[in-house]
Amino acid sequence: MHVFIELNDYREHIFDQSYSQDGQALFDSAVESIKAGKNEEAIVMLTQALKTCELDDELEADEDEDQEDPHASLRLRVLAARAGAAFNLKAYRSVIRDTELIERIYGRPMDVMNAIDDKEDLAAYFRSVLRSAQAYEALGDRQNAGAGYMAIMILKMITQQGEDEGQTIDLIAPEVADELTAVAGKALENLEADADKVPVYTLKISLLGVEPTIYRTLEVTGTTSLGDLKTFIVFAFGWAGFDELEDHEFQVYDHGIVRFTSLPDDFVVPDGEDSDILDVCEDEDTATLTLVAPKVGDTFTFHYEKADWVHQIVVENIREENIGCDHDHDAEEEHEHEHPQYPKCIAGARACPPDGLGGPAGYAEFLKAANGEATTKFATKLEALEYARDNLGLCNSGLDSWGGAVKRSLEAALTGEAVEEEEDDTPKDVEKGGWNSEAFDLEEVNKALTVISSTMQDDEDEWEDDDEEEEDVEEDI
């Protein structure tokens, strides 16, 4: 998956050529290189060709929507060809990024078919969609793969609709359409046959910079987004900042560091920034585990509290699990599914540090204070323990032995529901116990993961219901 490409020699060769600023000549040469199996060389040429297709400043400043983009056709073909070359190298994430870029520039399939008349341009567009679907499938993301294959099948649907009305509709060359739809149709059949299977990942997540190691081993599905994984990590470790996670990001190596974080809906690359897609922080909610870590041994990191804390995430195992129902669907009696619940914590060790300490060095100072040694930040043991009490997450067991600890209701905190609890008038014995760095409660962690994943699923169902209601209103209008 991680295909490392030595490109410097190719760059020097290309930049020595007189056509290094001629986008069309670069594209033509790249196509020949792809045919010859020289995909690395082609990618360099196509990347250089793409730089010649940038919008002119005058065109970008022109508010006239009818103003024609002189590079639209070449840019589309260059991006599609680069996606194809990356696919040949099994650099699947690069394929997906280029196809996403095409979609952002030119629109979704129906938009493109209405906006582009050139058959070759449309063929390039749909070839890129096919390559993206195949890349998703290779990474185990059946949902996005199926969506891509279905988009290809639009070509067949439109052709059949025209035939039913006695018309001939050839959006692209018929032989190309037949080739694309045949591949997509077969792929959809294969996906349908494996519809009930889902990849299940075993992730060992270790907090760097602390010895002995603080870690959690989680099982999650491959369709889990990085946005959801972030939440699972925070709860499994017992961090306090589960509702305020602006200062975080994932870092994945893919021909350079690719960063993922929470992006607002109106996010744009700031003016003056490098527009290369590999340098842009991408949306964690659209990236799944199968995309960023498709094989056993893949490693990436989660950075928390402005990277004060770095979690190393290693894929220890990937297995396929059947989540379908084996019960007779024609039978009327009710039955329960007994498939395992994900996410799930299967192992772990040691308490997570309190939030806000500033990383491993700050935690080391806290441990000294918690053991009775005065430090710059904490003058007394009690001061350190009270700080921890105010900065622990819901599943952190570090203070469970301390007489001054306050046990919070997990259900109330996560669901917002009022939970009646017996009042405890017993005076707090702050001299009893203290911070236990070895404390870890597997049952408590899994209880929290079950509640939070259920809450997240309920929210998702509500959004889907809202979307359906909006669609019904639009149809009525």
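On a 1 Å grid laid over the protein atoms alone, a cavity is a set of points where a 1.4 Å probe fits but cannot get out, whereas a pocket is an open set with protein on both sides within 12 Å along at least five of seven lines; lining residues are those with an atom within 4 Å of a point. Grid points are joined across faces, edges and corners, and a volume is the space filled by probe spheres set on the points. The model looked at here is a predicted one, with pLDDT of at least 70 needed for local features and 80 or more for side-chain atom pairs, while totals for chains, interfaces and linings use all residues. Residues are numbered from 1 along each chain as its sequence is written, and side-chain values use heavy atoms, with hydrogens and water left out.

First, the overall picture. The protein chain has 16 helices and eight strands; helices (H or I, at least four residues) and strands (E, at least two) are DSSP runs, numbered from the N terminus. Of its 477 residues, 44% are buried, where buried means under 20% relative accessible area, exposed over 50% and partly exposed in between (1.4 Å probe, protein chains only). The accessible surface of the chain adds up to about 26100 Å², and carbon and sulfur atoms account for 45% of that; these areas come from the Shrake-Rupley method with a 1.4 Å probe, and for residues only the protein chains shown count as cover. As for contacts (heavy atoms within 4.5 Å), 65% of those between residues at least 6 apart in sequence join residues at least 24 apart.

Now for the empty space. The count comes to one cavity of 30 Å³ or more, and the largest cavity holds about 120 Å³ of space. Its lining is made up of 14 residues, with Arg93, Arg97, Phe260, Glu282 and Leu291 nearest the centre. Two or more lining residues come from each of α6 (92-106), β4 (257-261), β5 (282-283) and α12 (289-292), and α6 gives the most, with four. Sorted by class, the lining of this cavity has seven nonpolar, one polar and six charged residues. In this scheme Ala, Val, Leu, Ile, Met, Phe, Trp, Tyr, Cys and Pro count as nonpolar, Asp, Glu, Lys and Arg as charged, and the others, Gly among them, as polar.

Arginine 93 sits in helix α6 and counts as buried because its relative accessibility is 3%. A polar atom of its side chain lies 3.5 Å from the backbone oxygen of leucine 291. Just before that helix, alanine 91 is placed in the loop between α5 and α6; at 3% relative accessibility, alanine 91 is buried too. The C-alpha atoms of alanine 91 and alanine 135 are 8.4 Å apart, with the two positions 44 residues apart along the chain. 

The second largest pocket offers about 540 Å³ of space. It is lined by 18 residues, and those closest to its centre are Ile34, Ala80, Ala81, Gly84 and Arg127. Helices α2 (23-35), α5 (72-88), α8 (119-138) and α10 (174-193) each supply at least two residues of this lining. By class, the lining of the second largest pocket splits into nine nonpolar, three polar and six charged residues.

On to the loops, and a few backbone oddities. Most residues other than glycine have a negative phi, and most peptide bonds are trans. The peptide bond from glutamate 211 to proline 212 is cis, with omega near -5°, and proline 212 falls in the loop between β1 (197-207) and β2 (214-221). Another cis bond runs from tyrosine 342 to proline 343, with omega near 10°; proline 343 belongs to the loop between β7 (309-322) and β8 (344-349).

The loop between β6 (299-304) and β7 holds glutamate 305, and alanine 307 is in the loop between β6 and β7 as well. Glutamate 305 has a positive phi, near 55°, and alanine 307 has one near 70°. At 17% relative accessibility glutamate 305 is buried, whereas alanine 307, at 40%, is partly exposed.

Glutamate 305 also turns up among the contacts of aspartate 247, which touches His303, Tyr304, Glu305 and Lys306, leaving aside residues up to four places away in sequence. Aspartate 247 itself is in the loop between α11 (226-237) and β3 (248-253) and counts as partly exposed because its relative accessibility is 41%. Its C-alpha atom is separated by 9.3 Å from that of serine 262, 15 residues apart along the chain.

Key:
Polar contact = N/O pair within 3.5 Å; in protein donor to acceptor, adjacent residues only side chain to side chain.
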